[in-house]
Amino acid sequence: MIPAVLLVAFVESCERHEPAVQEPVLNRVIVQDAVVEIAPGETAELKFSVDEPGYTFDFDVNSSDCQVFLTNQTGKAPVNYKLSFVKQTGEGTYSAFLEDLKIEKIYSDEVRLGIRLKGESSSIVSSTFTVKSNYVVVDNEFKTGLPVVYINTYNKTSITSKDVYLDATVSINGIEQYPDLEEAVCHIKGRGNTTWSWPKKPYVFKLDEKQSVLGMPKHKRWVLLANFLDRTMMRNLVSMHLGQKTSLAWTPHCVPVELVLNGKHVGMYLLIEQVRVDKNRVNISEKKGYLLESDFHYDNKYQWKSPYGKCWQMGEGIPFGIKYPDEEDVTADQVTYAKNYIDQAAKVLYGADFKDPEKGYAKYLDVQSYVDYWIVFEMMGNHELSNPGSVYCHFEEGGKIVAGPLWDFDWGVLSYKTSPQARTGFINKDAIWYARLFKDPAFVELVQKRWNELLPELRAIPEYMSECEKLLERSAERNFKMWNPAEDASQNGGSIINGDENMTFHEACVTLRSNYSERLTLLDRLIKNL
């Protein structure tokens, strides 16, 4: 039996010699990503781990005792972004979130992630990784000579609806040819009818505040046309250019651009003013003005068929839909007024005294606008005036109905495939109300006069086409590596639409110029002999 005194001494001796618990030692910080890309003003995740899972450290970036830091090759903290948040994701694993500070658009840094050791002046740092803006990726990958539009939806949500706007941001690099657009809040959704069903999607976005975009007059609403089926990428561009040479009250301004959507380059688009009522666009009274659309899709909320005239796909009568006032604002009285006014004008046009300069159609129609509108459609070989599709007019209460603005000139424009009759004759002489208008010698005389007045501008278009071809060639090369316009055959019974979809970009441009020149010669003869 061990004496009590010895037992106590033995126990005390054991307690004195029990080894102390050691704090885990940190030897390595491991980052998982070699490259981290940050969108302007947004955050990106960097995953990392420590080699000793039991090692604890302060990773609260808002604390003065935070042990986590970033360092560049000079030993300083980077300036274009910062650690905004660190969270533990598992045993020894973490995620650090890097926030772009919107200081520089273009940067690429070699960086290390470090952890300061407790109670020591030393640190453990990771191997080098790269942090760069996705802006620099785009600009270094291609320089096409076109401005670059960057749109990022929140959380990079895909745009899948034509009805629901997604919150987003937009910025534009004007490439020193146009004013830049600093990052601004916007809202974006899809748009179009047939065009929305194609792989390359068109979009519309609205800014929170009116701003000038690429030098165009201030407004909130803008459209990005995909021009998917157009191998030349210039049918809309050239048509709007021609419209601006006429007396039409307003023709949308537009600029070809590169679009980068949620960090991905998605091709060449046409950034164009949306058709809206505004002092800088369709300039009519907000209280007593009306903007109407004639479209065979017949998909406006408030619409009717006027009993006079003809539409290829709808037979007798012309569809009219109210675009302004907006559908959420228009009243029943306004719908009734617009319908009665249009129908009254059409009734007079098709009446016995329609040629009378005081009692006839000239009392209701701005005849000059209807002449210039027809000349652009006829010259560009756009048969959608006869269909009709995206055909607009506007008026003030009690005022004359004005044709325009022009819109949607990619389908079938200057194409003998879509309009074979364009080789030998008119394609819109019997369109909507024109079949009746051309029965008036005074209208015919005005068409002939305006044609001669516009002839110098019309003859300058092939040179403008050549300028567009040179401007767009580098962008077109990249665009068509992503998109095949011949897929439009799926919307046309298996047959391509414009006829040049399987050509090269330059072959299609040559064909477009040739068709234009042939048509100019033909129309000059036909109009002078009306």
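# A guided tour of the predicted model

Begin by selecting Y341 and F395, both of which are buried. The tour returns to these two residues once the whole chain has been viewed. Please keep in mind that the model is predicted.

**The whole chain**

Display the full protein chain of 530 residues, of which 53% are buried. In cartoon view, 9 helices and 21 strands can be traced. Taken along the principal axes, the C-alpha atoms fill a box of roughly 135 × 50 × 40 Å. The radius of gyration is 33 Å, whereas a compact globule of 530 residues would have one near 24 Å. Among contacts with a separation of 6 or more, 67% are between residues 24 or more positions apart.

**Aromatic pairs**

Next, show the side chains of Phe, Tyr and Trp. The chain holds 28 aromatic pairs. One of them is formed by Y203 and Y269, which are stacked with 6.3 Å from centre to centre and 25° between the planes. Y203 belongs to strand 13 (residues 203-213) and Y269 to strand 16 (residues 264-273), so this pair ties together parts that are 66 residues apart in sequence. Y203 and Y269 are both buried.

Return now to Y341 and F395, whose rings also form a stacked pair, with 5.1 Å between the centres and 25° between the planes. What parts of the chain does the pair link? Y341 lies in helix 4 (residues 332-349) and F395 in strand 20 (residues 391-396), distant parts that are 54 residues apart.

For a wider view of the rings, select W304, F320, Y370, W374, F426, W433, Y434, F438 and F443 together; ring pairs link these residues into a cluster.

**Charges over rings**

Go back to Y269 and add K200, which lies over the face of the Y269 ring at 4.7 Å from its centre. A second example is found by selecting R231 and F480: the charged end of R231 sits over the F480 ring, 4.3 Å from the centre.

**The neighbourhood of L270**

Select L270, which is placed in strand 16. Is L270 buried or exposed? With a relative accessible area of 2%, L270 is buried, because residues under 20% are counted as such. Beyond its neighbours within four places in sequence, L270 is in contact with V223, L224, L225, N227, N236, L237, C254, V255 and P256. To practise the distance tool, choose the C-alpha atoms of L270 and Y107: they are 28 Å apart, and the two residues are separated by 163 residues along the chain.

**An open sheet and its helix**

Colour strands 17 to 21 next. These 5 strands form an open sheet with antiparallel pairing, in the order 18-19-17-20-21. Strand 18 (303-311) and strand 21 (402-403) are the edge strands, each pairing on one side only. Within the sheet, strand 17 (residues 289-294) and strand 19 (residues 315-324) run antiparallel and are joined by 3 bridges. Select E293 to find G321 of strand 19 standing opposite. Then add helix 4, which packs on the sheet and touches strands 17, 18, 19 and 20. The direction of helix 4 makes about 10° with that of strand 18.

**Two cis peptide bonds**

Move to the bond between Y324 and P325, a cis peptide bond with omega of about 5°. P325 lies in the loop between strand 19 and helix 4. Then select N387 and P388, which are also joined by a cis peptide bond, with omega of about -20°. The loop that holds P388 runs between helix 5 and strand 20.

**Loop residues**

N382 too is found in the loop between helix 5 (367-379) and strand 20. N382 has 0% relative accessibility and therefore counts as buried. Which residues does N382 contact, leaving aside its neighbours within four places in sequence? They are F377, D408, F409, W411, V413, I427 and N428.

From this list, select D408, a residue other than glycine whose phi is positive, near 70°. D408 sits in the loop between strand 21 and helix 6 (434-437). At 25% relative accessibility, D408 counts as partly exposed.

The final stop is K102, in the loop between strand 6 (93-100) and strand 7 (108-116). K102 is not a glycine, yet it has a positive phi of about 55°. Its relative accessibility is 55%, and K102 therefore counts as exposed.

Key:
Residues are numbered from 1 along each chain as its sequence is written. This is a predicted model: local features need pLDDT of at least 70, side-chain atom pairs count only at pLDDT 80 or more; totals for chains, interfaces and linings use all residues. Side-chain values use heavy atoms; hydrogens and water are left out. Rings of Phe, Tyr and Trp (its six-membered ring) pair if their centres lie within 6.5 Å; planes under 30 degrees apart count as stacked, over 60 as edge-to-face and the rest as tilted. Helices (H or I, at least four residues) and strands (E, at least two) are DSSP runs, numbered from the N terminus. Buried means under 20% relative accessible area, exposed over 50%, partly exposed in between (1.4 Å probe, protein chains only). A charge sits over a ring if NZ of Lys or CZ of Arg is within 6 Å of the ring centre and within 35 degrees of the ring normal. Two strands pair if DSSP finds at least two bridges between them. Contact means heavy atoms within 4.5 Å. Axes are lines fitted to C-alpha atoms, for helices over the stretch in contact, and angles run from 0 to 180 degrees between N-to-C directions. The radius of gyration is taken over C-alpha atoms; the globule rule is 2.2 Å times the number of residues to the power 0.38.
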